[in-house]
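Me: I'm new to this one. Can you put it up and walk me through it?

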Amino acid sequence: MVFWRCLIASSVISLFTFGCGDGTGTSTKYATQVVQEINVAQLLTEAKATQKGQNLFHQANSLLDTQRYQDAVKVYDKAIAVQPKSPDTWINRGNALISLQQYQEALESYDQAIALQPEKDEAWYNRGNALTALKKHLEALASYDKAIALQPKKHEAWINRGIVLTKMQKYPEAMVSYNQAIAIQPNKHQAYYNIACAYALQENIDLAIENLQKAIELLPGKYEELAKTDPDFDKVRNHEQFKKIIQ
């Protein structure tokens, strides 16, 4: 099967506008001015911390993009130290940890993001990916369902939900998920390939071949090679039709 992952690389930089007292010199107005100056200083400090956190976030994203995952985690940790309430930083930290196969630590990162922003569909989606890797299928399914409830057109979540259901041998439900992904993205080759896997696991050679052929037509070169070693096709591997399509 082909697993779909989603990396988040977005940020929000807060901008602040400051005001001043009128400087009339009365004791009350002076006290107000002092308070305002303190507030301005606090806002400036917060703004600097925010900017530093964002700079570190972008630096870590660059490391993530170049597959320097361990270095990325270290820089995400620095960003979190100065800006601990950034859900995107926690999400991307989790993505780097998943790439390092540190799934439990990744799960903890996604949970931190969700605690900060419960309606963050990317956090729920990637949480599902971590749980799938940990073979906690029921929990993964619940996380994908939450991501889909927040973003019904998230075709990646529909595909990975289908994969979990396939692993649970709930094939009709898996097909519903894959078909939802196709309804959203009609040329989504990953969905067709995973449908082929599900049919192959059920020894339905005709529908396995039909969907594998569709995946190959949409992305030539990849799926012929992948199917040669994918254990999902073991039950149909000796069929002449299958041998012909992967040549």
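Me: What share of the contacts with a separation of 6 or more comes from residues 24 or more positions apart?
Reply: In the protein chain it's 56% of them, with contact meaning heavy atoms within 4.5 Å. This is a predicted model, where local features need pLDDT of at least 70 and side-chain atom pairs count only at pLDDT 80 or more, while totals for chains, interfaces and linings use all residues. Residues are numbered from 1 along each chain as its sequence is written, and side-chain values use heavy atoms, with hydrogens and water left out.

Me: How many helices and strands does the protein chain have?
Reply: There are 12 helices and zero strands; helices (H or I, at least four residues) and strands (E, at least two) are DSSP runs, numbered from the N terminus.

Me: Where is proline 118?
Reply: Proline 118 is in the loop between α4 (103-116) and α5 (121-133).

Me: And is proline 118 buried or exposed?
Reply: Proline 118 counts as partly exposed because its relative accessibility is 43%. Buried means under 20% relative accessible area, exposed over 50%, partly exposed in between (1.4 Å probe, protein chains only).

Me: Which residues does proline 118 touch?
Reply: Trp124, Lys146 and Leu150, leaving out residues up to four places away in sequence.

Me: New topic: which residues make the contact between α9 and α11?
Reply: The crossing of these two, α9 and α11, is right-handed (the near helix is turned clockwise from the far one by less than a right angle). His189, Gln190 and Tyr193 of α9 meet Tyr223, Leu226 and Ala227 of α11.
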